[in-house]
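Q: Please work through this structure with me, one question at a time.

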Amino acid sequence: MGGLDPRDTFPADRFDGRACVTDDGPTYNPNTDTYVGTFEVASASLAVTEALATIRHCEPTELEPLYHSVDPDALDRLVKSGTDQLRVTMQLDGFEVVVTGDRRVEITPPE
């Protein structure tokens with residue numbers, strides 16, 4: 001990974017725990033070593049790809065294809081029609097990725 005590490009931008013004493021999305025991508029929570037974001041308009045599959053590309057400091061096309069871990073169409077349908085209790089977990093590019101029914105993406109880096 002090149003470029004700035006997003007973990008350097010959010011010191012533990014300033015992180016308030018909210019799942020916020022900015023144009024820069026998901027927010028890093030140093031207490032849980034997890035990146036968290038929400039998505040409103042984008043499909044779940046697109047949100048996962050863009051969030052992980054932001055964290056990895058790369059283009060989405062440089063990532064392992066999402067369909068190696070989960071059926072992107074099925075993921076989109078589940079999230080669109082699912083309840084807030086829905087939770088889909090997958091491994092993608094060595095990261096654990098969780099997508100929830102309330103349109104959150106949680107990404108945990110490899111150990």
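A: This is a predicted model. Strand β2 (residues 25–29) and strand β3 (residues 34–38) run antiparallel, and the bridges that join them number three.

Q: Which residue in β3 stands opposite Tyr28?
A: Strands β2 and β3 are joined by three bridges. Across this pairing, the residue in β3 that stands opposite Tyr28 is Tyr35.

Q: Which residue in the hairpin of β2 and β3 takes a positive phi?
A: Four residues lie between the two strands of this hairpin. A positive phi near 55° is taken there by Asp33.

Q: How many of the five residues of strand β2 are buried?
A: Buried means under 20% relative accessible area. Strand β2 is largely enclosed by the rest of the structure, because its buried residues number five of the five.

Q: What is the order of the elements from the N terminus on?
A: The protein chain holds two helices and six strands. Read from the N terminus, their order is β-β-β-α-α-β-β-β.

Q: Are helices α1 and α2 roughly parallel or roughly perpendicular to each other?
A: Helix α1 (residues 44–56) packs against helix α2 (residues 72–81) with the axes 7 Å apart and an angle of about 110°. Angles of 65 to 115 degrees count as roughly perpendicular. The two helices are therefore roughly perpendicular.

Q: Which residues in α2 are met by residues in α1?
A: From α1, the residues in this contact are Ala44, Ser45 and Val48. The residues of the contact divide into five nonpolar, one polar and one charged. On the α2 side they are Pro72, Leu75, Asp76 and Val79.

Q: How many residues apart in sequence are the parts that Arg56 and Asp93 tie together?
A: The side chains of Arg56 and Asp93 meet in a salt bridge, at 2.7 Å from N to O. Arg56 belongs to helix α1, while Asp93 is in the loop between β4 (87–92) and β5 (95–100). The pair therefore ties together parts whose separation in sequence is 37 residues.

Q: Is Arg56 buried or partly exposed?
A: The relative accessible area of Arg56 is 25%. Buried would mean under 20%, and exposed over 50%. Arg56 is therefore partly exposed.

Q: Which strands are tied together by Arg87 and Glu106?
A: Arg87 forms a salt bridge with Glu106, with 3.7 Å between the closest N and O atoms. The pair ties together parts that are 19 residues apart in sequence, because Arg87 lies in one strand and Glu106 in another: β4 and β6 (residues 104–108).

Q: Which residues are linked in a network of salt bridges?
A: Glu106 has a salt bridge with Arg87. The side chain of Glu106 also meets that of Arg104 in a salt bridge (3.1 Å, N to O). The linked residues are Arg87, Arg104 and Glu106.

Q: Is Glu106 buried or exposed?
A: Arg87 is exposed, at 52% relative accessible area, and Arg104 is partly exposed at 22%. Glu106 has a relative accessible area of 15%. Under 20% is the cut-off, so Glu106 counts as buried.

Q: What percentage of the residues of the protein chain count as buried?
A: The protein chain has 111 residues. The share that count as buried is 37%.

Key
Residues numbered from 1 in each chain as written. Predicted model: local features only at pLDDT ≥ 70, side-chain atom pairs only at ≥ 80, totals over all residues. Heavy atoms only, no water. Axes fitted to C-alpha atoms, helices over the stretch in contact; angles between N-to-C directions. Parallel < 35°, antiparallel > 145°, perpendicular 65-115°, else oblique. Contact = heavy atoms within 4.5 Å. Nonpolar A, V, L, I, M, F, W, Y, C, P; charged D, E, K, R; others polar. Buried < 20%, exposed > 50% of the residue type's maximum accessible area, 1.4 Å probe, protein only. Pairing = 2+ DSSP bridges. Salt bridge = Lys/Arg side-chain N within 4 Å of Asp/Glu carboxyl O.
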